[in-house]
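Hi everyone, thanks for coming. I'd like to walk you through one structure today, so please have a look at it while I talk.

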Amino acid sequence: MTGAAETTSVNPVAPVNPVEGPADTAGLSDSGGGSSRFPGRPIQEIVFPIREQYLSVVQGYRDDGFEMCIDLCGVDYLTHFNRQLPDGVPPERFEVVVNLLSLSTARRVRLRVQLPESDLEAASIFDVYPGVEAMEREAFDMFGIIFAGHPDLTRILMPEDWEGHPLRKDYGVGRVPVQFKGAPGPR
Amino acid sequence: MTDPTSTDPEDGADGADGADTSALPATEREAGAPNDTTIRASAREGESSGHPDTPQSPPISRDEYLKVGPGGEGIGLSAETSEGHQELTRRSTTDPGELRREVGAVLRLPEGVVIDPANIDVEQSDDNTMIINMGPQHPSTHGVLRLMFELDGETVLRTKPVIGYLHTGMEKTAEELTYVQGSTNVTRMDYLSPLHNELVLSLAVEALLGIELPPRADWIRMLMTELNRVSSHLMWMATNGMDLGSTSMMIYGFREREMVLAFFEKTTGLRMNHNFIRPGGTAADLPDGWEDDVTIICDTVLPRTDEYDELLTGQPLFRQRTESIGRLSAEEALALSLTGPILRSTGVPWDLRRSMPYLHYDQVDFDVIVGTYGDNFDRYSVRLNEIRESIRIIRQIVEKMPPGDYRVQDKKVTPPPRARIDESMEALIHHFKVFTEGFKVPEGEVYVAIESPRGELGCYLVSDGSSKPYRMHIRGPSFVNLQALPVMMRGGLLADAVSVCSSVDPVMGEVDR
């Protein structure tokens, strides 16, 4: 575990990665200066599959020994649209971020799938990693991302009849004034 | 695997009274729960790769079915309806994948991978079974967890955890708070190990900032989080004992936890929700005489773990209620993304402190505790022995604690010392700026994970260059681990459901966030 800078590489496993050519590793590190003190830093790739190839890329990693899907979450880039992405990856409003973990080689890989606002549908990787069941439901609940093929894509944290998806950037943060019991009302 | 030293949990757990289950053959332990055996057998025959079986060829092919005339004679069903001629496919022609989704819509059984979908008995679920609800207000659900059970007599068939009752939108709140305020927010997620939450956020922010901390800050963090692991596991021992009817264990567990919390109060000012570990270091240095306090905690808790052994480990009632209850195979645990003691109890020696070391865990000596059977007893043994290992780590930390600063001397993230504020206007402004505006963090994304008492606690942090996180996602181990409940409970008795739920150790604050 040396302090090697994190690389943004093309997928060495599945030949279906849409990132053409070597991505710029300098501009897209995970953070600032490298340090071996930080977990997850030394060996982590970031891959940008397009939506159509997302499932097959995940399957490729699964076959390559990434036993566990450790995390899946959504990000809404509405007000930070022009973030740094490698060439050939057009930015879209939403991203699905998947962190895979290989226990045998102690490696992590992160997949970032771009999803346009007009068509918020990605394939569910439930059949590859059943552990994403709750995580995909959470991403659906919070961002409205549809995971096609998920066995039970319902709200998980918000009430069933809730309208809207709270972690979207255009979802207002409401404030409820604090009411004390017995406090005199406005005159 | 990075060759962690594995110790048999039963070696230590059995020590006091010499009852040794590891000597028993596996079959004998399984015999305790006859209901369990058949399910597990079929589960284990399924392949481990995480794929559902390819659909079995139905007994009657669709072509054969279509040959049947519309009069209803023959195999298929058909009827004249207001919509015209309708043909119904026989149940036996529904492929297993479809069946699984259909069944899952009511009560979810996510282990389609490990239990053959063709085995799902649809006919049975109509008449003979009953759906009952437990929670969200139930003392043994450890908070506001609601469980829906499908029961056949007293046997649990399917379970659905329903969560969200404690959802307060903390990830949304985090986007409104600066990085300085962030740890106040995350510390309330997993309220039994608040320092781990603070640590993972601080590590993520520091990774984006690219700052290096003085060694003492790291060692203080290790000391505090290891103590927190002890207190969290003690709390688990207490509540697990209570769920199984041992109120003595509850009292003892809380008694020992109180010592740790008293030290936390002395150091951080609060018993819980400390806001002690912050981006850039810690809030304060350790108090004078901390070595003695910590040594007393170690010297007290370690012999007390032997008392727990005497109280629980060898007790026949306790063993019958834990052994071979809620069994889980390593394949199932990996497929369901389980981490922490649950994963280790199935025999997978995965501990981030060992496998992907952070802070200075590569400089301390400890064993990764693994189980064998993945049942409730193994999860108990793993946690009990992890208390001992944590105490071992804490003793080494006390020896190795380096002198120096407890926070980074980077004016960008660190407020000036209190004494400077009285004498310098600039220091006052600086202090004011840090605590109102916060500091700007460079653009980028980072995923950082640490080993919390419940498993992998991750933080995915997105910064847009401002002083507030653009997105902060916490990967709560309890949230993911709850998915194990349907698998662990299937085929078990309803009376064991509480015990199984307890052995997962969910903290609802972290599940719902």
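Let's start with a term we'll need: two strands count as paired if DSSP finds at least two bridges between them. With that in hand, and remembering that this is a predicted model, look at chain B. Strand β11(B), residues 455–463, is joined to β12(B) by 5 bridges, and the two run antiparallel. You can pick out one spot in that pairing: Val462(B) stands opposite Arg471(B), which belongs to β12(B).

Now widen the view a little. These strands sit in an open sheet of 3 strands in chain B, ordered β10-β11-β12, with antiparallel pairing. Which strands stand at the edges? They are β10 and β12 of chain B, and each has a single partner strand, so one side of each has no neighbour in the sheet. From one strand to the next, the twist averages 10°.

Next, the two chains together. In chain B, 66 residues are in contact with 68 residues of chain A. Between them the chains bury about 5400 Å², with 55% of that on carbon and sulfur atoms. Three residues, Lys172(B), Tyr447(B) and Tyr470(B), supply 13% of the area that chain B buries against chain A, more than any other three.

What about charges? Across this interface there are 5 salt bridges. In a salt bridge at 3.1 Å, N to O, the side chain of Arg112(A) meets that of Glu445(B). And here our sheet comes back: strand β10 of chain B, residues 444–452, gives the largest share of chain B's side of the interface with chain A, 6 residues. By class, that side has 32 nonpolar, 15 polar and 19 charged residues.

Thanks for listening!

Notes: Residues are numbered from 1 along each chain as its sequence is written. Chains are lettered from A and ligands numbered from 1 in the order in which they are written. This is a predicted model: local features need pLDDT of at least 70, side-chain atom pairs count only at pLDDT 80 or more; totals for chains, interfaces and linings use all residues. Side-chain values use heavy atoms; hydrogens and water are left out. Contact means heavy atoms within 4.5 Å. Buried area is the accessible area (1.4 Å probe) that two parts lose on being put together, summed over both. A salt bridge is a side-chain nitrogen of Lys or Arg within 4 Å of a carboxyl oxygen of Asp or Glu. Helices (H or I, at least four residues) and strands (E, at least two) are DSSP runs, numbered from the N terminus. Ala, Val, Leu, Ile, Met, Phe, Trp, Tyr, Cys and Pro count as nonpolar, Asp, Glu, Lys and Arg as charged, and the others, Gly among them, as polar. Axes are lines fitted to C-alpha atoms, for helices over the stretch in contact, and angles run from 0 to 180 degrees between N-to-C directions.
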